[in-house]
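Student: I would like a close look at one small part of this model, please. Could you take a single residue and work outwards to its surroundings?

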Amino acid sequence: MIHERKILVQRPQCRIARCSCGVYHVSTGSVTLRMERPQLEDLFQALSEILVPEDEPASDEPAIH
């Protein structure tokens, strides 16, 4: 089977392409994640949860990593 990718979106920091076999390729920097749609949707939901502004006021203390 020949795999052909179509770029769906490209931004300065990331690119998302869809392969002719149905797999999505999410690339940022030198990392590319290959995932099917359910995985991509789950990743999107997880990222949405952490990127939503918090109700708590911002603290002057640095974040703990």
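Tutor: Happy to; here is a walk from Ile7 to its strand, then to the sheet and the whole chain.

First, some ground rules: this is a predicted model, in which local features need pLDDT of at least 70, side-chain atom pairs count only at pLDDT 80 or more, and totals for chains, interfaces and linings use all residues. Numbering starts from 1 along each chain as its sequence is written, and side-chain values use heavy atoms, with hydrogens and water left out.

Ile7 sits in strand β1, which spans residues 5-10; strands are DSSP runs of E with at least two residues, helices are runs of H or I with at least four, and both are numbered from the N terminus. With a relative accessible area of 46%, Ile7 is partly exposed. On this scale buried means under 20% relative accessible area, exposed means over 50%, and partly exposed is in between (1.4 Å probe, protein chains only). The number of buried residues among the six of β1 is zero, so the strand lies largely in the open.

What does Ile7 touch, leaving aside residues up to four places away in sequence? Its contacts (heavy atoms within 4.5 Å) are Arg15, Ile16 and Ala17. Ala17 is also the bridge partner of Ile7 in β2. Another facing pair is Gln10 and Arg15, the latter in β2. Tyr24 is 17 residues from Ile7 in sequence, and their C-alpha atoms are 9.7 Å apart.

Now the strand pair. β1 and β2 (residues 15-19) run antiparallel and are joined by five bridges; two strands pair if DSSP finds at least two bridges between them. A hairpin of four residues leads from β1 to β2.

Stepping back, four strands make an open sheet with antiparallel pairing, in the order β1-β2-β3-β4. β1 and β4 (31-35) are its edge strands, each pairing on one side only. On average, neighbouring strands in this sheet are turned by 20° against each other, direction ignored. Helix α1 (residues 37-51) lies across β3 (24-28) and β4, at about 120° to β4. Here axes are lines fitted to C-alpha atoms, for helices over the stretch in contact, and angles between N-to-C directions run from 0 to 180 degrees.

Along the sequence, the pattern is β-β-β-β-α. Of the 65 residues in the chain, 15% are buried. Finally, among contacts between residues at least 6 apart in sequence, 0% join residues at least 24 apart.
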